[in-house]
Amino acid sequence: MSGARLERASPAPAGQRAALRADALAGLTAPRKTLPCKWLYDTEGARLFEAITRQPEYYPTRTEVGILREQAPAIAAAVGPGATAVEFGPGDGGKAVLLLSRLQAPAAYVPVEIAPEWLDAVASRVSEEVPGVPVLPVVADFARAFGLPSGVPRERRLGFFPGSTIGNFEPTEAADLLRRFRAALGPGARLLLGADLVKGRAMLEAAYDDAAGVTAAFNLNLLHRLNRELEADFDVPAFRHRAVWNAEEERVEMYLESLRAQRARLAGREIRFAAGETIHTENSHKYRPERLEALADAAGWRARAMWTDQGRLFSVWLLDA
Ligand code: AVJ
């Protein structure tokens, strides 16, 4: 996947910065400190995530791309000709290029993305690499209610939500999200969904704490970001990255752990840390196939097909509205 083509505008616009400040103040003054994982993805965070996907321990991206490639004929046959692919959070557009180039005569590609500059880059990449498929970009936050513009064909809509991004949502939020996708896509739609599967602790914890330290840098970048954008003064080397498989909740949890008692200034407030105290920065939920199916069901979708790899590490689903 070539992530280098895309650049997010930096620094973030004023509205975003105010939202970051509000989230950081709320999260870091709570009894159990937390920061929303969406803030991991500034320019540097997006670059580091792309580097994570190339680490030997981080199996999800390469496994999902392998499934999409290997099962492309089955996926294309199940989807049929003339689909309009609507992708929620297209990343660098690499998976869209893969999908569109394997589908039978796709009618259009509709990337839905909150950052306009990111959307432009995806649109030009897909137009270049899959010529002949019209690209209709939509600026929207798919995590909230949204509608597709009237210019998007109504027939044969295929939602596309790869990457196990669904795993970043709590199961109830994930069901809400799938329900909103269904509402936005309309009757008769399909959804091609990627979900990471439950597996053993060792493999999961290694995937979220690679030996090269890229995931650690990705997580710690959140503190650098608060220093950069909110003029905070976190002593970043005094924190360390931790990744823990929570077997009860079936999710990998990422934390930043304070190595000593310390304090930091943030937007006029003092944030205190005890030695060993943590900031919870991300949940990455893993699914058993039957749980994913139940989740889809609860959101009004019916599972039509599921594809997996030989090791049953990752799953790609085709759902019917
Ligand atoms: C992009 C959200 C799917 O949860 O695996 C990778 C993000 N965090 N390593 C994931 C992530 C740490 C990733 N998602």
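## Arg156 and Ala143

With 18 C-beta neighbours inside 10 Å, Arg156 is classed as partly exposed, because a buried residue would need 20 or more such neighbours and an exposed one would have 12 or fewer. This comes from a predicted model. Arg156 sits in the loop between E3 and E4. Its phi is positive, about 50°, although Arg156 is not a glycine.

Ala143 is also found in the loop between E3 and E4. Around Ala143 there are 17 other C-beta atoms within 10 Å, so it is partly exposed. In sequence, Ala143 and Gly89 are 54 residues apart; in space, their C-alpha atoms are 9.8 Å apart.

## The seven-stranded sheet

Strands E3 and E4, which flank that loop, belong to an open sheet of seven strands. The order across this sheet is E3-E2-E1-E4-E5-E12-E11, and the pairing is mixed. Its edge strands are E3 (138-139) and E11 (302-308), each of which pairs on one side only. E11 pairs with strand E12 (residues 314-320) in the antiparallel sense, over six bridges. One residue pair can be picked out here: Ala305 has Leu318 in E12 as its bridge partner.

Helices pack on this sheet, among them H3 and H5. Helix H3 (residues 59-70) touches strand E5 (190-196), E11 and E12, and its direction makes about 50° with that of E12. Helix H5 (residues 94-102) touches strand E1 (84-88), strand E2 (108-113) and strand E4 (157-161). The direction of H5 makes about 165° with that of E1.

## The three-stranded sheet

A further open sheet is formed by three strands in the order E6-E7-E10, with antiparallel pairing. Here the edge strands are E6 (239-246) and E10 (278-285), and each pairs on one side only. From one strand to the next, the twist averages 20°. In general, the strands of a sheet pair through backbone hydrogen bonds, in either a parallel or an antiparallel way.

Strand E7 (residues 251-258) and E10 are joined in the antiparallel sense over seven bridges. Within E10, Asn283 is the bridge partner of Glu253. Helix H9 lies across E6, E7 and E10, and runs at about 115° to E6.

## Helix H2 and its packing

Which residues of helix H2 (residues 43-52) are buried? They are Gly45, Ala46, Leu48, Glu50 and Ile52. These buried residues pack against helix H9 (214-230). H9 is thus in two descriptions: it packs with H2, and it lies across the strands E6, E7 and E10.

## Surroundings of the ligand

What surrounds the ligand? The residues are Ile52, Pro60, Gly163, Ser164, Thr165, Gly167, Asn168, Tyr208, Thr215, Glu282 and Ser284. Sorted by class, this shell has three nonpolar, seven polar and one charged residues. Ile52, listed in the shell, is one of the buried residues of H2.

## Ala267 and the annotated domain

Ala267 is located in the loop between strand E8 (262-266) and strand E9 (269-273). Its phi is positive, near 45°, in a residue other than glycine. Ala267 has 15 other C-beta atoms within 10 Å and is therefore partly exposed.

An unreviewed UniProt entry places the feature "domain: Histidine-specific methyltransferase SAM-dependent" at residues 21-320. The end C-alpha atoms of residues 21-320 lie 40 Å apart. Of this span, 37% is helix and 24% is strand.

Note on methods. Residues are numbered from 1 along each chain as its sequence is written. This is a predicted model: local features need pLDDT of at least 70, side-chain atom pairs count only at pLDDT 80 or more; totals for chains, interfaces and linings use all residues. UniProt positions are given in the numbering used here, feature names are shortened, and annotations may be inferred rather than shown by experiment. Helices (H or I, at least four residues) and strands (E, at least two) are DSSP runs, numbered from the N terminus. A residue is near a molecule or strand if its C-beta atom, placed from the backbone, lies within 6 Å of it. Ala, Val, Leu, Ile, Met, Phe, Trp, Tyr, Cys and Pro count as nonpolar, Asp, Glu, Lys and Arg as charged, and the others, Gly among them, as polar. Two residues are in contact if their C-beta atoms, placed from the backbone, lie within 7 Å. Two strands pair if DSSP finds at least two bridges between them. Axes are lines fitted to C-alpha atoms, for helices over the stretch in contact, and angles run from 0 to 180 degrees between N-to-C directions.
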